[in-house]
Amino acid sequence: MRQTNGDDVNRAVAGCLATLRPVVDRDWANTTAGRLEWDCRRTAEHVAGDLIAYAGQLAGRAQEDYVPFEITLDEDTDNTGLLHVIETTGVLLATTVHATPPRVRAFHPYPFQSADRVGFAAMGIAEVLLHTHDMAEGLGIAYTPEEDLAEAVLGWLFPHVQPGPAAWPTLLWATGRGELPGRSPVTEWKWRNNLVLPAGRVTLTGVRPAVARDLRMGGDGGFDWAGDGPFDGTRDACGFLLKAYEGGVHRPEFGVFVLVREEDGLAVGGMGFHGAPDEEGRVEIGYDLVEEARGRGYATEALRALAEWALAREDVHSLFATVERANTASQAVVTRAGFVRVSDDGEESGELAYELRR
């Protein structure tokens with residue numbers, strides 16, 4: 001499980017071409033693509049259209065809607081020519097992913113209205129893998145992509161899906177294309193890009209399972225960190241995220257966020273939830289900052305933004321945080337963010353409880 005990149009887009013497209021080139025002499029226009037309603041030719045056109053659309057969104061930094069790209073093939077374009085179009089549009093997306101800075105986001109509707117370069121790469125790879133499968137199934141030929149590509153797509157776009165014994169069968173099941181023992185058939189599905197929330201001088205960037213694993217193992221998660229890098233609390237929180245993901249109970253919007261400073265792009269801390277809301281709509285929140293970023297108000301700004309987002313949801317009625325009795329700086333953060341003290345365990349636990357209600 002890792003981040004996807006432009007090279008992965010090229011690898012996915014290469015696998016598609018290698019699978020379909022031996023059958024370009026077949027009648028794609030009159031062959032249904034697997035379980036889809038489209039024929040194989042229409043499906044191949046769709047793949048090319050998505051690849052160039054994602055490249056256009058990312059290159060143009062579109063923010064409000066899709067840039068209206070549409071591929072129109074020449075009337076005499078045969079199946080070989082169509083594969084060349086897929087190859088070319090794949091190169092366009094791969095090149096755009098390589099050239100785009102990591103903090104850039106562009107419009108994509110689901111579920112939070114934007115995606116970064118890794119998200120667009122993963123979506124492009126998913127389109128290629130899944131629709132090559134559909135066409136291969138319709139044409140009666142074998143197709144199995146490289147396992148690490150399927151695993152990367154799952155970890156990046158399907159963080160709400162419990163990993164299975166193998167990535168490719170799990171991805172097929174998660175998109176309604178296959179079965180997994182012990183799991184009900186999937187009839188409706190959507191992938192999920194990560195949530196990013198602006199918070200004044202910092203931005204809260206949602207952590208995907210692949211990033212969480214790297215952070216938990218002592219890496220930087222793909223972020224440039226201020227000071228000595230992430231504090232222990234952030235790494236521990238990523239461990240809990242991974243446990244929830246592997247157990248199939250992870251809800252990405254109630255996971256971990258890295259706080260990225262706007263002025264220089266450095267990560268200065270972590271913030272997030274200790275899990276999904278309980279039956280009463282209560283959810284616990286925690287945070288930490290690298291030492292050199294403390295005392296500047298970053299945590300307060302981030303906590304206010306995250307609390308506002310959470311309390312605007314129907315499934316959240318209150319937030320609470322526990323703060324060590326001796327940590328007066330953290331007590332000041334929650335107080336400035338609007339939390340009020342609701343209990344004092346005193347000498348027994350050395351912690352104070354604070355709550356913020358809708």
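Which residues are linked in a network of salt bridges? In this predicted model, they are Arg192, Arg251, Glu253, Arg313 and Asp315. The close-up views below begin with that network and then visit other parts of the chain.

**View 1. Arg192, Arg251, Glu253, Arg313 and Asp315 form a salt-bridge network.**
Start with arginine 192 and glutamate 253, which form a salt bridge with their closest N and O atoms 3.1 Å apart. Arginine 192 sits in the loop between helix H6 (167-174) and strand E3 (196-199), and glutamate 253 in the loop between helix H8 (232-246) and E5, so this pair ties together parts that are 61 residues apart in sequence. Both partners are covered: arginine 192 counts as buried because its relative accessibility is 13%, and glutamate 253 is buried too, with a relative accessible area of 8%. Elsewhere in the network, arginine 313 forms a salt bridge with aspartate 315, and here the closest N and O atoms are 3.0 Å apart. Arginine 313, at 21% relative accessibility, counts as partly exposed. Aspartate 315 is likewise partly exposed, with a relative accessible area of 26%.

**View 2. Glutamate 262 and arginine 103 meet in a salt bridge.**
The N to O distance between these two side chains is 3.2 Å. Glutamate 262 belongs to the loop between strand E5 (256-261) and strand E6 (267-273), while arginine 103 belongs to the loop between H3 and strand E1 (105-106), so the contact ties together parts that are 159 residues apart in sequence. Glutamate 262 counts as partly exposed at 38% relative accessibility, and arginine 103 counts as partly exposed at 43%. If you would like to keep a tally while browsing, the model has 20 salt bridges in total. As a reminder, side chains of opposite charge can pair when their charged atoms come close.

**View 3. Asp74, Glu75, Asp76 and Asp78 gather in a negatively charged surface patch.**
Two members of the patch are worth a look one by one. Aspartate 76 lies in the loop between helix H2 (40-60) and helix H3 (79-99). Is aspartate 76 buried or exposed? Its relative accessibility is 68%, so aspartate 76 counts as exposed. Aspartate 74 is also found in the loop between H2 and H3, and aspartate 74 is exposed, with a relative accessible area of 56%. For a sense of scale, take valine 23, which is 51 residues from aspartate 74 along the chain: the C-alpha atoms of the two are separated by 21 Å.

**View 4. Helix H4 is mostly covered.**
How many of the residues of H4 are buried? The count is 20 of 23. The helix covers residues 117-139, and at 1.5 Å a residue it should span 33 Å; the C-alpha atoms at its ends are 33 Å apart, which agrees. Glycine 140 comes just after H4 and takes a positive phi of about 75°.

**View 5. The loop between E1 and strand E2 (115-116) holds proline 111 and glutamine 113.**
Look for the peptide bond from tyrosine 110 to proline 111: this bond is cis, with omega near -10°. Glutamine 113 is not a glycine, yet its phi is positive, at about 75°. With a relative accessibility of 42%, glutamine 113 counts as partly exposed.

**View 6. Arginine 61 has a positive phi without being a glycine.**
The phi of arginine 61 is about 55°. You will find arginine 61 in the loop between H2 and H3. Its relative accessibility is 35%, so arginine 61 counts as partly exposed.

**View 7. Arginine 42 has its place in helix H2.**
At 35% relative accessibility, arginine 42 counts as partly exposed. How far apart in space are arginine 42 and proline 163? Their C-alpha atoms are 31 Å apart, and the two residues are 121 residues apart in sequence.

Key: Residues numbered from 1 in each chain as written. Predicted model: local features only at pLDDT ≥ 70, side-chain atom pairs only at ≥ 80, totals over all residues. Heavy atoms only, no water. Patch = residues over 30% accessible without salt bridge, like charges linked within 9 Å, V, L, I, M, F, W, Y side chains within 5 Å. Areas by Shrake-Rupley, 256 points an atom, 1.4 Å probe, with all protein chains shown as cover. Salt bridge = Lys/Arg side-chain N within 4 Å of Asp/Glu carboxyl O. Lys, Arg positive; Asp, Glu negative; His and termini not counted. Charge placed at Lys NZ, Arg CZ, Asp CG, Glu CD. Helix = DSSP H or I, 4+ residues; strand = E, 2+ residues; numbered from the N terminus. Buried < 20%, exposed > 50% of the residue type's maximum accessible area, 1.4 Å probe, protein only. Expected span 1.5 Å × (residues − 1).
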